[in-house]
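Colleague: I am new to this structure and would like to go through it with you. Could you explain the terms as they come up?

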Amino acid sequence: MSGCSSLLPVTVAPYPHGNSDRKLAKGAPSRIEILAFLKTCKDITRIHLAHAKIVRNGLQQDKFIAFELLRACSTAKSMEYATKIFSTLEAPNVFHYTAMIDGHVLSGSSEDGIRLYYQMIGSSIIPDGYVTASVLKACGLGLDLREGKEVHGQIMKLGLGCNRIVGINLIEAYGKCGAFQDAWKVFEKMPEQDVVLRTVMMSCYFDHGRVEEACAVFRGIGEKDTICWTALIDGLVGNGEMSKALQAFREMQRDNVNPNEFTLVCVLSACSHLGALELGRWVHSYLRNFKIDPNCFVGGALINMYARCGDIDESKQVFCQLRDRDVTTYNTMISGLALHGNSAEAIKTFQLMKKDGIQPNDLTFVSLLNACSHGGLAELGFEIFYSMKDYGIRPQVEHYGCMIDLLGRIGRPREAYDFMKSMNVHPDNIMLGSLLSNCKLHGDFELAEILAKILIDQSDLDSGTLVLLANLYASQGRWDDAALFRARMKNRGIRKEPGCSSIEVDGNIHEFLLGDIRHPERDRIYLKLGELDELLRSEGYSPVIKVVLHDLEGDEEKERTLTIHSERLAICYGLISTEPKSPLRIVKNLRICYDCHQVIKLITRVTERKIVVRDRNRFHHFENGTCSCGDYW
């Protein structure tokens, strides 16, 4: 085959994998040696080496070698290279097409996979169960119901309807496309309606946010295995049902079903969202007890869990103990340090990343710029922002958003606005909203009005933006304008996300809303709240009622509203439920208000407690009347 060696330039580092590479590079390797080497090819560099030897030895039309070469490309998601190799094959067979379609599915290119399948049909190649299952995955990935039904018709004509692998993928394709009636029809015709098929159905319901139906399928399963339980926990986490996910994990333990690595990562994700540090520590202990050495996947989840649950020191310890670190691991550590305001350590971790020879990606720079934003490091932020080009990374809206937020936070909203106007990307609602919030914080209502007009004019307003605009006008006492935006929310069926704070006590998560009276210990909580309010006032506390964004009658009512904020209720429950002087960890879904921030500083002084609060933006470590953010958040 002429011209194959010039498909792509082959540049290989000398023997990067030792003896096996050196053996391949010397003399004429046998067909068996080439096949053995192809099975070790996990990256494009080794694939180039193997392909060069295949061409030099005239084996490029060997059917089995070509299949293994294409499969290696597919596994490495090097589909451009695979496509060029495939185009040189004189008579590709069903196995070559299967390898190519699998590769497109792995790379997320469903349309290319489906197109290749029809190309194969057009070449009079009869599909088998493997290629049919592969194209069904492509149909499910691309949510292409019409093509899925056509393939189903071919399955029936070819007599593949009883093929188990085909049946599973057909159910999944219909389920992912939301055609659940069709999925159940296939399910009912399957010879074995076992836990695997029901797990597939359950996962498809979760994919469409139909949590109750997914849970109903789960309850109908007889003997549940690890994969089934993991799919349930993963589906609950993916749909934001973190508490239910942890409850399911506890039920899994009671059923004596052992979790696998993926189960534990799902549980760690739920712990991260809820701030369930004690359960997260139990998972870490489980890994140690069973001598499971955390890889990048599990290690990254542990780093994230500890960071988001408030124990950044443990997060750093896990990071240091990992044998292997990839770009995701580093990004997670940098992001965690940024979340805690440890900007200098985040930068040092980035330097270590470069020293380890790991190439940063766009997410690395988002985390770094967030670290600069939380630390108020404007000059360093701009230095990092402009250094992105050295790594071939073009700034995206997320990077520009970090810079806008950085300038806005340090009280330079006008500079942020000028910077925004110079961008080569269009500002989105998040960026405009961030700057608008900072204008409100620093009292630049003139610029806030300009930004509000841009937001109103440029797009269909989402719920977050409507809330932001309503709060802007409420903060200025413009109640009619605030009511206008709240009415727009009501007309569109949008509800403001209520403030919710949670605290973990004895391994259980306790959640509180504004003025919550659902907790069984409510009487003791409100008694402690009253005692605390009196104590704080004796220490000079005066409520900052201007942060109350509702048109309430009289200052007394506004002060009452501040007193019953969710984070204060969570703190009071912690004070009555834990040992004196032990630290409290609170998770809040919204940004902590200025008044609560001042109050918590005072609480740490009068109770001699350390209180760690994670709000929507960052961590606040309160101790001895001060906060780690330096009153800048």
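**Reading the sheet and its surroundings**

Modeller: Strand β4 (residues 611-614) and strand β5 (residues 619-623) pair in the antiparallel sense over 4 bridges. This is a predicted model, in which local features need pLDDT of at least 70 and side-chain atom pairs count only at pLDDT 80 or more, while totals for chains, interfaces and linings use all residues. Residues are numbered from 1 along each chain as its sequence is written, and side-chain values use heavy atoms, with hydrogens and water left out.

Colleague: What makes β4 and β5 a pair?

Modeller: Two strands pair if DSSP finds at least two bridges between them, and β4 and β5 have 4 bridges; one of the matches is Ile-611, whose bridge partner in β5 is Phe-622. Strands themselves are DSSP runs of E with at least two residues, and helices are runs of H or I with at least four residues, both numbered from the N terminus. By that count the chain has 33 helices and 6 strands.

Colleague: In what order do the 6 strands of the open sheet stand, and why is one side of β2 and of β6 left without a neighbour?

Modeller: The order is β2-β1-β3-β4-β5-β6, with mixed pairing. Because β2 (508-513) and β6 (626-627) stand at the edges and each has a single partner strand, one side of each has no neighbour in the sheet.

Colleague: Which strands does β1 pair with, and over how many bridges?

Modeller: β1 is joined to β2 by 6 bridges in the antiparallel sense, and β1 also pairs antiparallel with strand β3 (residues 584-588) over 3 bridges. Ser-502 has Glu-511 as its bridge partner in β2 and stands opposite Val-587 in β3. In the hairpin of β1 and β2, with 2 residues between the strands, Asp-506 takes a positive phi near 55°.

Colleague: How do you know that strand β1 is largely enclosed by the rest of the structure?

Modeller: Buried means under 20% relative accessible area, exposed means over 50%, and partly exposed is in between, with a 1.4 Å probe and protein chains only. In β1 (residues 500-505), 6 of the 6 residues are buried, so the strand is largely enclosed. Cys-500, Ser-502 and Glu-504 point one way, Ser-501, Ile-503 and Val-505 the other way, and all are buried.

Colleague: Why is His-565 called buried?

Modeller: His-565 has a relative accessibility of 16%, so it counts as buried. His-565 lies in the loop between α31 (555-563) and α32 (566-577). Leaving out residues up to four places away in sequence, His-565 touches Leu-514, Cys-593 and Cys-596, where a contact means heavy atoms within 4.5 Å.

Colleague: What makes Ile-600 buried, and which residues is Ile-600 in contact with?

Modeller: Its relative accessible area is 0%, so Ile-600 is buried. Ile-600 is found in helix α33 (residues 594-607), and, apart from its neighbours within four places in sequence, is in contact with Ile-571, Ile-592, Ile-611, Val-613 and Phe-622.

Colleague: Why does Cys-500 not form a bond with Cys-596?

Modeller: A disulfide is a pair of cysteine sulfur atoms within 2.5 Å, and the sulfur of Cys-500 is 14 Å from the closest cysteine sulfur, in Cys-596, which is too far for a bond. The sulfur of Cys-572 is likewise too far for a bond, at 11 Å from the closest cysteine sulfur, in Cys-596. By this rule the count comes to 0 disulfides.
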